[in-house]
Each structure stands twice: as structure tokens, then as C-alpha cells.
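Please open the model in your viewer and keep the sequence beside it, so that each residue can be selected by its number as the tour reaches it.

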Amino acid sequence: MSSLPIEQGEQLRVGTVDFVSPNEIRAVLDIDSPDSVALNAGTPRNFPRVNSYVLVSCDNGYLVGQIEWLAVERSPYPKQRDIQDFGLVNLPFPQKKISLNPIGTLKRVSKKGVDSFKFQRGTESFPSIGSAILLPTDLQLRSIVESGNNRRVVIGQSPLANNANVAVDPDRLFGRHIAVLGNTGSGKSCSVAGLIQWSLEASMELETKPNARFIVLDPNGEYTRALGPETKFKGRVFKVEASDGESQLQVPSWFWNSAEWASFTQASPKAQLPLLKRSLRAMRNEEFELHTNLDLEIKKYLGTLLVSLRADKSKGAAVLNGFPGAKNLLVKIDVWRRSLEEYQGNLTTQHPDLDQLIILIQGYCNQRSGQYPNYNATVAEIDVLINGLGKSFLSFGGSEDELLPKSEDIPVPFEGENFVAYLEALAQENGSEQYVEYLVARIRTMLSDTRMKPITNDSELRVDLAEWLENYVGKDGTGEDDSCVSIIDLSLVPNEITHLVTAVISRIIFESLQRYRRLNNKSLPTVLVAEEAHTFIKRYRDDSENQDVAAVCCQVFEKIAREGRKFGLGMVISSQRPSELSPTVLSQCNTFLLHRISNDRDQEQVHKMVPDNLRGLLRELPSLPSQHAILMGWASELPVLVKMKSLTKEQQPQSDDPDFWDVWTRKDEEGNTVERNVDWDAVVSEWQQS
């Protein structure tokens, strides 16, 4: 093939532009253009073919177009070039046409005397009528498909580009969330497992142990075979009924915040929810009893006085307000004195700091008594009282941290039985026992349920939050037993708490990464994988007054989708029903890996997420074979059809199709015996004991 650009371009020419618009270019193919296989590009290649690439000559290089459709029109005159024999009778002749979606620009660059090409999305100028349509060479085709920087992870090959490698940048792939969508059996789960495996394998090639974190929410127990402890990735597995090499799934009830407690207990917003939040706040602040521990009660009272007096000082109530502000302060301080004297009389042990505080307050009040007292006080006098309150507060075991009470949503441990007892006592004190009867009964049922107790109740085996994060999120990856993958097997979690457990785990991971960045001023890159995401991230009604557990779970993922990138938390959303997913979560996904999708509602949802000029590419979704997908979005410079890399049986998730025929005939294809012995007594025994 000639190396001159003009001659080379003439040999690669296959047609001419006859229609140009910003989102579509139409061209007429030459009569002598290839009909099925093109040989003029250097190697045999299928042409013309829907979704393959061609080049259009333009001012600043080549415009890259993706073929959307092919058509044949009947023409009254032949369109062959160099045939002008007007003595012949012209018969109707077919005219081949194609429609192109402009997707980017291919420019020639020279590095150290070697010519190459660089592809970039978008175009600065469009071609004109009569511009040549060219077949890309192998080098140009690879430059299109293999475009982009930091292409560190190879995920497959492009069958439309002579099997050029399709590789991605992990920062782009996981940093802005990716949605893997497709029907069951289309290879979706294998793609998700492959993205994790190929990413870790690429980092392992650098001969350093990866400091990666993948957390897989596995509702069907599929990923243990592909990423579990028996693989080279040595993933940690957390499940309800843990066996050897696995860990017990634990999400204790003190992990839950007030919204999760309210949704699970179905607390009414008017009567029950305020009491529930007040009880949670008391548990977080270690108020386990109602007015039975006198030292604790005095400590709380002194802390309240200290905060109040500091606020009065900052507002100048004692110095600047004059009458009646300073007099009101005096009356308030005198009431404090009488209350402290009552506490002092009930104490069985001596507290010198409390005695000294009462003397200080008595002296302050005596100085402002008489016929014509001066109620105003100096800053120094107020500071003396503040110091006295502070010393007495510390002597009863108080600390500065306790002056601002903890929120009811802070994960501070408490016992479930203490929580229920406090809630009942609080209801009796307020005279509202009848309003919380059902609430208390539901909490007691949860605490005593043998199916939920191993997950939600940590009374037998204490759970430390820091240790929990080390196990579920991961350590630095420097130890021999450290793993980059955590598999949370939700297959045996009771249905009543599946959404709750998922919501709590996801929220705790997200909030821990928020606080990591606050302390270190850097993010900790982590990937949260949601398999069968339509189960957890399902649409819900915004106008519902009482949010159920499913809605609260979806709201957690919506927050992660909106804010996770800032804190290093990326999501992989895998689902076979995109039409049922939350629009908020889908709209925050910047990369899509689309497998075969047949349902019209799911196709419609996918079409809404892509630009108009790319919707022609999605028309191939219903006919995609297994293991094939369309990669588009932030992680790919252009939409590309990719055949995902193959995984061995051991590398695939355990989501095989049922082998009906082999079981029916009792033999597989190789003639081996296939038996499915049934012992329903064993099934029922295990069932009834769970």
C-alpha cells in the first residue's frame, strides 16, 4: 500500500458525504465499495457493519463516525465513477447509503519521527457535502478504541475494531460510580467479578501488595467462589451461618441511627418517635436510669449550669444589661444554690468542691442583698463562679466533652435491654404507656428473635467499632492475612432486616470515610459493590409520611451516589431491572456497562441516560450475545462494543443456570452420573431450627 497520504486516502475511500447535521451525517457508498468484507485497509474486515467506525475527511484531521444504519435506494442512473458511455442504456441501479453518528476527532501526531494518531471526543468542525468517507487503517482503529490516558486495566476486546484491547482508567471507572445493567444470564455478574479481579491483578503486577478495598453486598451468596478465601484474592466472607474460613455477620442494634430505628419499629411521628429519639439520646449519653443514680444526676445538673452561665457571660447578661437583666441572673443563681444545697443534703459522701461552690454562690448573692443593692457583676466575679462550677463538675466524673450531649445518631454502644427498659420508664413518666406498647413489643421481639439475634445483638460477643471497620472495610493491606475484598453474604439474612442491615453497613462505611478525610485531609479510595441493586436501591414515594425500611435503605445509597466521590467511595451498581432503580442513583452514575436488555421499560430507562446521537448504538442491546456489552461514559473515550475477557469456572460467581436436562436424564454431556438425592426431613429440620 502506498505511503503517500493522498494515494492512501484514495485507496481507503468508500463513499461520499451527501447530508450533514450536528447529530447525523449521511453518505452514499461507492458502487465498488466492499459489500461484506473489506480488504483495502490492510487486513480483512467486515464492512459495512452497524456500529463500526469510519472516517470523514475534515479540516483538522478526521471526523470519526459510528454507523447507525445501512440502507439501499433505487437510483435511475449508475453512480460508478469513470463510466460515461452514453451509448449504453442505463438501467435502475441500487445505491447504498449509511448514516453516521459523529463521536470525535482523530488527529495525526508525530513522536520522534513516528506517525501516530490521537482520538478526542467532540469535533471543532463538520465536513462539507462531497467529503470522502474512508475506512480506518488498523493503526487508526486501535487509536480510536485504545484512546485515553492511564489505561491500566484491560477488560476485553472490541470485535468491531479487529479485537483491539479495551482498557480503562480505574480512577475514572470507580471514582464516579459505574452501573452494570443487563438481563439475567447476559454475563452481568461475571463482568462485575471480572472488574474486581482484573483491577487487582493489574495492581499486583507492580510486585506490591495492593492497598485496595472492595466491599461486595451479595444478596444471593454468589461471589464466595470467585473472590472468597480459597482464591488468590483471599476475600473475607461475612455471613449469618459462618463456616470455616468465614466470619459471623454482625450489625449490632447500637449501630443504627434514629431514622433506621424509626423505620424498623414503624414508630409514629407524633407520639412514638419523640420518645424513641429521647431514649436513644439517653443511651448515647449513658443515662441508663431515670433519677436513680444521684451522683450521675448531680453531674448532669452541674454540666447544665456550667453551660448556662458561660452563655450568659458571652451575652454580657451580668455586666452590660443592667436592670432587670442582672437581677434576673441573680434570681437564677440563687435558685441554683437552693437546688445544690438539697443535693448536698442527700449525699452520703463528702464533696469538698461542691461545698466550696455553694459557699461561692452564697457570697455572690449576699453581695447583692440589702436595701439598695447593685445587681451588676464584673467578668472576674462571673469567672469565679464558672471555675467553681467546673471543678465541682469534674469531681463528679464530668468532662468537657460531656457538656455538649451526643446526638442520638452517634454509634456509642448500649445494651438493647437497657434501651427497652428506659423507653418503658420514660413512657410511664410521661403517662404515655399506651402509645409505646406496640413499639416496645416490636423491639423486644427483634432482640429475642433467634434468626436476628446473631446479627443484631452483641450482648454475648462485644463488637468494637474500630475492629469492625478493620474487618469489613480493611486495613492497610501490609499484613499477610489482609485482604482487599470483603464479601457480605446477605442470602440467609431474615427478610425483615435485609434492607436494614444493608442500609446500616453502607452508611457506616460512608460515614467512616467522611471522618477519615476530616482527620487526614485525604480520601481513602474504597469501592462498594451492590449486586442485584434493584433490591436495595428501589424507587420509593417521596410524599410518604412514614418511610419504610426499603425507603431508608435507598436514601442511604442516594446520599452515597451524590457525595461518595468526595470521600473516595465509589459504587458499582449491578441490576437486571434499571427501570426499578432510583433515578437519583442512576443519574449519578457516569459510566455504564450495558449487557443484553430485552424489556421495553428497561430499554426506555437506559435510553434516557444517554445523549440523543448515541441512542442508535443502544438498539443493539436486545440482540447482544452473552459476554458482550456496550461500554460508555466517563471511563471510555467513546461508546464501544466490548467482548469481556473470559473467566474460568472457578473465577465466575456461582450463578450458573439450572441443569434441568442433566438432572432429568441423570447424566451430563460427558456421560458422568448426575444425582440429586432429596432428604426433605433434613431440610425441614434445619428450617424449623433456624
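What follows is a walk through a predicted model, with one selection at a time and a short account of what is there.

Begin by selecting Ile98, which lies in strand S7, a strand that covers residues 93–111. Is Ile98 buried or exposed? Ile98 counts as buried, because its relative accessibility is 0%, and the cut-off for being buried is under 20%. Now add Ala71 to the selection: Ile98 and Ala71 are 27 residues apart in sequence, while their C-alpha atoms are 6.3 Å apart in space.

Next, select two cysteines, Cys58 and Cys484. Cys58 is buried, with a relative accessible area of 16%, and Cys484 is buried as well, with a relative accessible area of 8%. A disulfide is a covalent bond between the sulfur atoms of two cysteines. How many disulfides does the structure hold? The structure holds 0 disulfides.

Move on to the surface and select Asp464, Glu467, Glu470 and Asp476, which gather there in a patch of negative charge. Within this group, Glu470 belongs to helix H15, made of residues 465–472, and Glu470 is described as partly exposed because its relative accessible area is 39%.

From there, go to Asn521, in the loop that runs between helix H16 (495–520) and strand S17. Asn521 has a relative accessible area of 69% and is therefore exposed. Look at its backbone too, where phi is positive, at about 60°, although Asn521 is not a glycine. Most residues other than glycine have a negative phi.

Continue past strand S17 (526–530) to Arg539, which is found in the loop between that strand and helix H17 (549–563). Arg539 is partly exposed, with a relative accessible area of 44%. If you also select Ala550, you can check that the two residues stand 11 apart along the chain and that their C-alpha atoms are separated by 9.0 Å.

The last stop is the loop between helix H21 (660–665) and helix H22 (680–689), where Val678 has its place. Arg666 is found in the loop between H21 and H22 too, and Arg666 has a positive phi of about 65° although it is not a glycine. Val678 counts as exposed because its relative accessibility is 57%. Which residues form a nonpolar patch on the surface with Val678? Adding Trp680, Val683 and Trp687 to the selection completes this patch, and the four residues together have about 520 Å² of accessible area.

Notes
Residues numbered from 1 in each chain as written. Predicted model: local features only at pLDDT ≥ 70, side-chain atom pairs only at ≥ 80, totals over all residues. Heavy atoms only, no water. Patch = residues over 30% accessible without salt bridge, like charges linked within 9 Å, V, L, I, M, F, W, Y side chains within 5 Å. Areas by Shrake-Rupley, 256 points an atom, 1.4 Å probe, with all protein chains shown as cover. Salt bridge = Lys/Arg side-chain N within 4 Å of Asp/Glu carboxyl O. Lys, Arg positive; Asp, Glu negative; His and termini not counted. Charge placed at Lys NZ, Arg CZ, Asp CG, Glu CD. Helix = DSSP H or I, 4+ residues; strand = E, 2+ residues; numbered from the N terminus. Buried < 20%, exposed > 50% of the residue type's maximum accessible area, 1.4 Å probe, protein only. Disulfide = S-S within 2.5 Å.
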